[in-house]
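Let's take a walk through this structure together, one stop at a time. Have the viewer open and follow along.

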Amino acid sequence: MKVLAVSLAIALPASGLAAPASPRADLAANVSSIIDRFPADTPAHRDSLCAEILKLGEEAVAEVCARVVPPGKGDDAKARFAVNGLAVYVTRPGAEGERAFFARALLESLGRASDDQVAAFFLSQVQLVGRRESVRPLEKYLGDEKRAGPAAAALLEIGGPEATAALVAAVDKAPRDARLVLVQSLGETRRREAVRKILPLADSADDGLRQAALFALANIGDPLAGPVLSRPRLAAPYRERAQAPALYLLYARRLVESGRTAEGLEAARAVLENYRRPEESQHASAALALVVSALGARALPDLLAAADSSDRDFRGSALMLASKVPGSEATLRWVEKAGTVAPDARADIVAMLGRRGDAAALPFVRESLRSGQEPVRLAAIPAAVRLGAEAVLPDLRQSLASAGEKEIPVLKTALLGCPADRVVPLIVPLLDASPPPVEAALVEILGEKGARAEIERVYRLAEGPDAAVREASLRALGHLAVDADLPRLVAMLEKATETDQVVRLREAIASAARRNPDPETRGDALLDLLKDAAPARKVAILQVLPRVGGERPLRAVVAETRSPDPDIQAAAVGALSRWPEGTAAEELLRLASTTRSRDHFRSAVQGYVRLVGRSDAPGAKKLDALRRVLALPGEAADRKPVLAGIARVREPESLHLLARYLDDPSLRDAAASGLLDLASRQDPEEPWLSGHEAYSVLRRVEASLADPAARTRAGKIVLDRLKQGGFLPLFDGRSLEGWRGLVADPKARAKMSAPDMARAQAAADETMRAHWSVVDGLLTFDGRGESLCTARDYGDFELLVDWKIEKGGDSGLYLRGSPQVQIWDPDANPEGSGGLYNNEVGPRHPSEKADRPVGEWNTFRIVMIGERVTVYLNDRRVVDNVVLENYWERDKPIYPTGQIELQAHGGPLWFRNLFVREIPRDVPGPPKVEVGDGFVPLFDGRDLEGWTGNTTGYAAEGGRIVVHPERAGGNLYTTREFADFVLRFEFRLTPAANNGIGIRAPLDGDAAYTGMEIQVLEDGSPVYWDLQPYQYHGSVYGVVPARRGVLRPVGEWNEEEITAMGRHVTVVVNGETVVDASLDEASAGGTIDHRDHPGLQRTSGHIGFLGHGSTVEFRNVRIKESR
Amino acid sequence: MKERPTSHSPRISRRQFARGAAAAAGSLMILPRRVLGGPGTTPPSDTLTKAVVGVGGMGRSHLAYGGSVLRAVCDVDRGHLASALEACGPGVTGYHDFREVLERPDIDVVHIATPPHWHALVTVAAAEAGKDVWCEKPMTRTIGEGRAVVAAIERTGRVLRVNTWFRFEERFYGLGTDVKPVKKAVAGGLLGWPIKATVSASTGFDWKFFWTGRTSLPPEPVPPELDYDFWLGPAPFKPYHPHRVHGTFRGYWDYDGGGLGDMGMHYLDPVQYVLGKDDTSPVEVWADGPQQHPDACGTWRRIEMRYADGCTIVLDGEDRDKDAPFLEGPEGKIFRGFRSDIPHFEEKVASLPDPEPQVTDFAESVRTRRRFALNERNGHRSCTLVNLGKVAVQLGRPLRFDPVEQRFVGDEEANRLVDQPMRAPWRLSA
């Protein structure tokens, strides 16, 4: 009721009538105008909106809260933004008065909330703003099973003795689930006064309650609970027994925290003694941690004792905890300990001493570098560097001399951790004196440390006898070389024969060239070498250039693609195809269109596709670029990479493009695998992947696959996409689950009593099982028996089904229990299938014959919204939005809901791929008014006042403007003209619907040309597959193309905003900008449809709905003019 | 009221479901040795064994992570569970309830790839059951849960790895360079101090702003394969809608925190590492953006955080400054691709000492009981950056933070977002 009052209060002044408004309506209108500005764009704006609400007083807050509705009952996002905004606003520092005021108002609204979810929302806000004074009002919700949880959460955040008292007081009376919440929450409060209330529950026979009680007692940590917690019940479930030590330790920890150290320690030691076995040593570790936290330095003996453990987990814990007892004295005790334990433990202690960072351990760690045990030595190396830094370098030199396989990398890491000026002088003398593996490590260190002064040594080693040393040296050269080294490196590359060597040298050359800091001259040194070089050298350099990149190198490579030497040419083409920068794309396209070599064509195409894919261009631009390659002449098979490239552009257009190649034998496989890649996942913003175009294309892909495993994968992808699009399977491929036998017609059924119905249904199900069955995954009918019905009723829906008949076969689909969408043998019935056979007033035959020959599968897509039905047969629209007449009761319209039936009509039938998507019926949301932002309604929701033109074909119905094309054709225009404006509206389409929004239009002529038409079109429909982008929904028709794929599924409401400001037009559909263009730029040099659009020059005109013979609905049409 | 018919998706209560699942798994369940009795346990073999909890999106990648043998998978969606079991072949048991997985003594490591609202609960339970943990990012959904995880891991002496790797992996994210030389340059003082780090598309980190939630979701029937009540677990009960779960859960505060919540650790952890802030947190945080819905995460424009020593991190969601360096100090800048305005930058960096070596092999970390490169401590600190950002975005007012107490200073409501009560019977012992 309130909502209605609001809408009138707003709508009346806007339509120019003065109406006396009551104070109540005034407040509601004021609140509406504020709420409508939520969500605020900035925190400051939010704060000012919230301040406005608070200024209006308590009633205003209540009014805001009253706009919060249960989930599914409408769009209350703005109200929730407002309530939460208030909660945030009033808790800013220094606003205690406002906070208390809002908390009180919130609690009052909570008291009025009849829905649990609305109450939960208010409670979650009390959780944010409540303080002590909110405790009492929250008490009454603690006994409620649904509300106790959020209420207790609010009390927990409020905290304090009052909150605890409230929780305690509620325990006895609360029902079981609420009591569980209360006990758990009392545990979280950690307040002692709750203990006596919880203790008896620790012996409860209810597992959940008992476990909550035990946790609460442990977490509070009162000695009263000691006996209960120390004896885990043998009869308890395993999980409870397994958790007993952790709970007991929690209890012990709380005791220590509250100063009862002795009691806590006693409990911890009990666990430490009893849980030592490897699989439960985490409890011993936790106990040890508690001992350390209680005793501090006095826990050292416990830690040292733990280091004796053979369990590495437990020992590891002890060594981690060792850091809690700092000081050199403790360090020396650990050193002493290390001498007494097994090598593994000793290594662990050495590592710990390193982490500890106490130099007192350095002598011991240094000594450990020479240990006879490898694990100890390995631990000692990083530890020594940490403790002694560069001072231990001489020790490491010694270690290097005798280093084993495992020590070399550890030593290398340690040396890299020192500065170059210390390390390089240390290792250079060792280079010639070390065994090859050590030498390899050392030369790599030279490289990584940038020791350019030593490059001659590195060159020498790069030509040495040992392969590992050579490889390491080449890697080092990559770090050290600069432009000046290029001639030498290129000469080495020319001579190199081993693959590894070639790879490393190329990398070294590229690194050297890239090291030039000036992007202008980068690569010049290589290009100098390229000039007048012998062919072998040219090839070698060309192969490196793509790793350098740059403008001049690119030009050099392009020039060499015209070399008369075939080897040089091939190397240049290869280089171009691997070019790192997008600047090469045009060259590659040119190469592809001029070359006569098929190999070069393929390389060029691959390179081009790669560069296009990597560019930052929007999807549509990438597709344009890829289309250019598709247009080139040449072997079809060479275009496979292009199809793969298209599949990586996630645009609806890609689906469409790829689908075209499913009929091309040489590209079918590439198209199919591209389509499957594209469809193998779907992001939320890609509804087009679960639309019917995708469905139809993917089914074709599936059918084209020979491999059964690939077909199964394709089938699964189709299923996933359908599911994401809201389709549910009607048939599981295994059973008749979800189906029933037919019991009479809807009229007769309505008269049957429940017991009669049940009996009849049982009998019908029996008959069903005799004649309908699942054979090879197909729903199969043996030709005798009765029709098959869905177990439940459907209202508005989209239905997909494949069917097959034999010669002379006959069947049909009953919608809402009523005949029928016809299926029959097209040879005997030349009209074909799909018609609404039983219609007497409206058309009963399909508009064309789209059947496949008898014995092949046919696919129906049937959309039923309200009383109208649209049928696609094999992707051809054969019935267009026709009223299905009521066969059973001719004087009535079709029933609002009913079963879907597969008609038995003699002769066997086969069905498969049955899916249904239910279309939610229109649920009116709160009225859209943007008074504060200057929007005014263009349509008052009741009649067509302010509109002119075809007022017969357009009607005001239930707050919507509905197009009835069967009544009259023509356009509906505003009586007024508008120049610059923002127009907002919502619209709902029927399958393949076509309409348009005329703007700046005169009242005569074709508005698409004499004014402008912003296209309105269900452009996902299969009948529009070959549309041009300038015809997509949202396009400025014929002038500015739009992006497709943003419309919601047919039958759902879409939102649109059209902004025309001077020469600029933007169109936003469902929050996505699909058009953002300057009319001058778009029409410079002629429009894309090559038509004359004089209307583009107009500066103002009427706004109109341009009818194109389809049913479409509009609502919430509103406008803001710019003056 | 229009009730949507549900005969196609009979709702199974959690209790019924659990009973059914337990009965089905009963014959296969391996009881802990303590229950069976008998001689001592077998010594740990060299091969680690793992279980993956949550095998929907990210969880599928965890099945294949190396270094251990998969023994068990767990999911509250029967569809996910079945397809994971199909993918991983024989020798792997499926579970509905992660607590049954934790009862298996033959599992060493538990991988957690559930939505973030479960991370802390499963991690703490795993630690208390003696398991080591490999947890998806973000480590935890709130700062309070992060503290509980740190405490539980350290108390029980377990090893934890958070699944982001850009502090040690080569070519981290979009920066286009190894992290090691960046760390060397900063630690070696080439940029001077303090440093401002900018995380934006131009510096290589594009915030995933399309991961937002939807408002006013109408309730829908719960699909029969999903145990929705278990999926929600500690989160407040809200009626089912497919957008809340599976993949799109990222858009809701109850389970995650949008692009910032879900991707933030990837972007911010290397920054924290490079700045050497692994043991502290910022003292100020400030956010600019549109108002946030209490349920659905939205976008933001800019978040700034400042450490006590003046280092700042800027999260630039709009990519306003296309020329911004990734790191900027008084003496020099580092841009995307390791470009710098410092002369002879590369040579200078090369000659500096390498950073402290990190343990980057998780299996090694488990065997040697040494902290993994990204562990509970530094992982909690970098997840705190994410969670600080989330709170600042939700409240839209400047906040001060105490990095020692890990509480906001002088803002009680902000602290209520640090610790958020869980829905019974789920609880976390801090």
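What follows goes from the chain interface to a helix pair and then to some backbone details.

Keep in mind that this is a predicted model. Let's begin where the two chains meet. The size of an interface is often given as the accessible area lost when the parts come together. Here chain A and chain B bury about 6700 Å² between them, and 50% of that is on carbon and sulfur atoms. On the chain A side, 87 residues take part in the contact, while chain B brings 78 residues.

Which three residues should you click on in chain A? Try Y238(A), R239(A) and Q282(A): they supply 10% of the area that chain A buries against chain B, more than any other three residues.

There's charge pairing to look at here too. The salt-bridge rule finds 9 salt bridges across the interface of chain A and chain B. For another pair to pull up, go to R386(A) and E356(B), whose side chains meet in a salt bridge with an N to O distance of 3.2 Å.

Now scroll along chain A to a pair of helices. Two packed helices are described by the angle between their axes and the distance between the axes. Helix α40 of chain A covers residues 652-660, helix α41 of chain A covers residues 668-679, and the two pack at an angle of about 160° with their axes 9 Å apart. Angles over 145 degrees count as roughly antiparallel, so that is what α40(A) is with respect to α41(A). Their crossing is left-handed.

Which residues make this contact? From α40(A) they are S654(A), L655(A), L658(A) and A659(A), and from α41(A) they are A671(A), G674(A), L675(A) and L678(A). Sorted by class, the contact of α40(A) with α41(A) has 6 nonpolar and 2 polar residues, with no charged ones.

Last, a few backbone spots. In chain A, the peptide bond from F38(A) to P39(A) is cis, with omega near -5°. You'll find P39(A) in the loop between α2 (23-35) and α3 (43-55) of chain A. Chain B has a cis peptide bond joining K137(B) and P138(B), with omega about -15°. The loop holding P138(B) runs between β5 (132-135) and α7 (143-156) of chain B.

One more stop: N913(A) has a phi near 45°, a positive value in a residue other than glycine. Where does N913(A) sit? Look in strand β13 of chain A, residues 909-918.

Terms used:
Residues are numbered from 1 along each chain as its sequence is written. Chains are lettered from A and ligands numbered from 1 in the order in which they are written. This is a predicted model: local features need pLDDT of at least 70, side-chain atom pairs count only at pLDDT 80 or more; totals for chains, interfaces and linings use all residues. Side-chain values use heavy atoms; hydrogens and water are left out. Axes are lines fitted to C-alpha atoms, for helices over the stretch in contact, and angles run from 0 to 180 degrees between N-to-C directions. Helices (H or I, at least four residues) and strands (E, at least two) are DSSP runs, numbered from the N terminus. Angles under 35 degrees count as roughly parallel, over 145 as roughly antiparallel, 65 to 115 as roughly perpendicular and the rest as oblique. A crossing is left-handed if the near helix is turned anticlockwise from the far one by less than a right angle, and right-handed if clockwise. Contact means heavy atoms within 4.5 Å. Ala, Val, Leu, Ile, Met, Phe, Trp, Tyr, Cys and Pro count as nonpolar, Asp, Glu, Lys and Arg as charged, and the others, Gly among them, as polar. Buried area is the accessible area (1.4 Å probe) that two parts lose on being put together, summed over both. A salt bridge is a side-chain nitrogen of Lys or Arg within 4 Å of a carboxyl oxygen of Asp or Glu.
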